Amino acid sequence: MIDIGRVRDDTPATARLAYLHNAGAALMPAPVVAALKGHIDLESEIGGYAAADQESERLDAVYGSVARLLNAAPDEIALMENATVAWQMAFYALPFCEGDRILTAEAEYAANYVAFLQVAKRTGATIDVVPSDASGELDAHALERMIDERVKLIAVTWVPTNGGLVNPAAAIGKIARAHGIPYLLDACQAVGQMEVDVDAIGCDMLSATGRKFLRGPRGTGFLYVRRALLQQLEPPMIDHFAAPWVARDAYRLRDDARRFETWENNYAARLGLGAAVDYALDIGMGPVEQRCRLLAGRLRDGLASIRGITIRDLGRAPGAIVSFTMEGYEADTIVRSAAASGITIGASDPSSTRIDAEHRALPPLVRASPHYYNTEAEIDRLIGHLAALASR
Ligand SMILES: Cc1ncc(COP(=O)(O)O)c(C=O)c1O
């Protein structure tokens, strides 16, 4: 059982806001803020280099924390400035040739898809979108049927940006493993919301951000690369940290996943990320996931009873992102009117998930994303606010 009082005490803004925008940027708990501020203070007192030296053990421990969160090893983790760069480092490290195929899902994130398009343009590789099943999840049987020797990558978003869909990450992993195809999983919106076990999923690479459900600082993210694949991947760009300059005409790539990093970093943010991961692990990802689903379910039930609202979430067991539209109101108008009542929610534009949005003819969606630290009363406040709008 999560001690809701304690986690809300750790999150002072919950006293003022019904904060339901955790898929955008969640509220950081006090230990995260303390880690950030503490390191900035230290840098201002003794200088950035000395501060990093003094905190080197805690900075190293961040790799261990992220590894524990994913059931990985610390040397399989690279700390990055966001999920996009983490994903790009993995994707652009893979070699593609004319005729190679990249398999992806309907609700793939825009940043990933434009990278597919660029590589397709450069190399002649093709992008094939695996159809969804009747529930809206990636159809694993269709994926299996699409596999041939030209498939060089399966790259899928686990929890897409635009709603509650949770794609069948482990079923995809089983197929990828059976055929020996590299599997890159965008777990940006899954991490911090649900249990993540890279072995159980069977992914080879996984990217995520710090600021969303993990409750870390902005400008943080990480990449996991399975050790067996690591040695085969040359990062698309390197510096002398990733690959020390060992002779006038030679560099040697690091053996660990830090070959995807560069020398300079925001150490305060890294310590904040580590504190966020430790905070989540301390609560336990099982209870976090359970409560996220409970609150999201309560919200969906409430929205279903409001005239003019259509819930847009897909999948058999949607997660903590609740997406909807409301007749007569633009998504932005709803977001602004909720904000004026102290309720923070967000919106998702069709261009973020163009294939899914075109397939379903979606307008911009309202996106409400509760977290374990929210209360039932906050969910009911949003439902009440929308019901009042609907009855105007
Ligand atoms: C599914 C998905 N992948 C990746 C990203 C990019 O994450 P970041 O902004 O940390 O680069 C987002 C951000 O919204 C996302 O929703």
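**Exercises on helix packing and cysteines**

Helix α14 passes helix α16 in a right-handed crossing. The exercises below use a predicted model.

**Exercise 1.** Classify the packing of α14 against α16 and state which residues make the contact.

Solution.
- Step 1. Two packed helices are described by the angle between their axes and the distance between those axes.
- Step 2. For α14 (residues 331-340) and α16 (residues 376-390) the angle is about 120 degrees, and the axes are 11 Å apart.
- Step 3. That angle makes α14 oblique to α16, since the roughly perpendicular range is 65 to 115 degrees and roughly antiparallel requires over 145.
- Step 4. On the α14 side the contact is made by Ile334, Ser337 and Ala338, and on the α16 side by His385, Leu386 and Leu389.
- Step 5. Sorted by class, the contact has four nonpolar, two polar and no charged residues.

**Exercise 2.** Do the same for α3 and α12, and determine the handedness of their crossing.

Solution.
- Step 1. The axes of α3 (residues 30-46) and α12 (residues 267-283) come within 8 Å and cross at roughly 155 degrees.
- Step 2. The cut-off for roughly antiparallel is over 145 degrees, so α3 is roughly antiparallel to α12.
- Step 3. The crossing of α3 past α12 is right-handed.
- Step 4. From α3, the residues in the contact are Pro31, Val32, Ala35, Leu36, His39, Ile40 and Glu43. They meet Tyr267, Ala268, Ala269, Leu271, Gly272, Ala275, Ala276 and Tyr279 of α12.
- Step 5. The class count for this contact is twelve nonpolar, two polar and one charged residues.

**Exercise 3.** How many disulfides does the structure hold, and why is Cys188 not bonded to Cys203?

Solution.
- Step 1. A disulfide is a covalent bond between the sulfur atoms of two cysteines.
- Step 2. The closest cysteine sulfur to that of Cys188 is in Cys203, at 14 Å, which is too far for a bond; the cut-off is 2.5 Å.
- Step 3. Cys292 is in no disulfide either, its nearest cysteine sulfur being that of Cys188, 15 Å away.
- Step 4. The structure holds zero disulfides.
- Step 5. Cys188 is buried, with a relative accessible area of 12%, and Cys292 is buried at 1%.

**Exercise 4.** Describe the surroundings of Ala169 and decide whether this residue is buried or exposed.

Solution.
- Step 1. Ala169 lies in helix α9 (residues 169-179).
- Step 2. Its relative accessibility is 4%, so Ala169 counts as buried.
- Step 3. Apart from neighbours within four places in sequence, Ala169 is in contact with Trp158, Tyr183, Leu185 and Ile201.
- Step 4. Ala169 and Ala187 are 18 residues apart in sequence, and their C-alpha atoms are 9.4 Å apart in space.

Methods: Residues numbered from 1 in each chain as written. Predicted model: local features only at pLDDT ≥ 70, side-chain atom pairs only at ≥ 80, totals over all residues. Heavy atoms only, no water. Axes fitted to C-alpha atoms, helices over the stretch in contact; angles between N-to-C directions. Helix = DSSP H or I, 4+ residues; strand = E, 2+ residues; numbered from the N terminus. Parallel < 35°, antiparallel > 145°, perpendicular 65-115°, else oblique. Left-handed = near helix turned anticlockwise from the far one by under 90°. Contact = heavy atoms within 4.5 Å. Nonpolar A, V, L, I, M, F, W, Y, C, P; charged D, E, K, R; others polar. Buried < 20%, exposed > 50% of the residue type's maximum accessible area, 1.4 Å probe, protein only.
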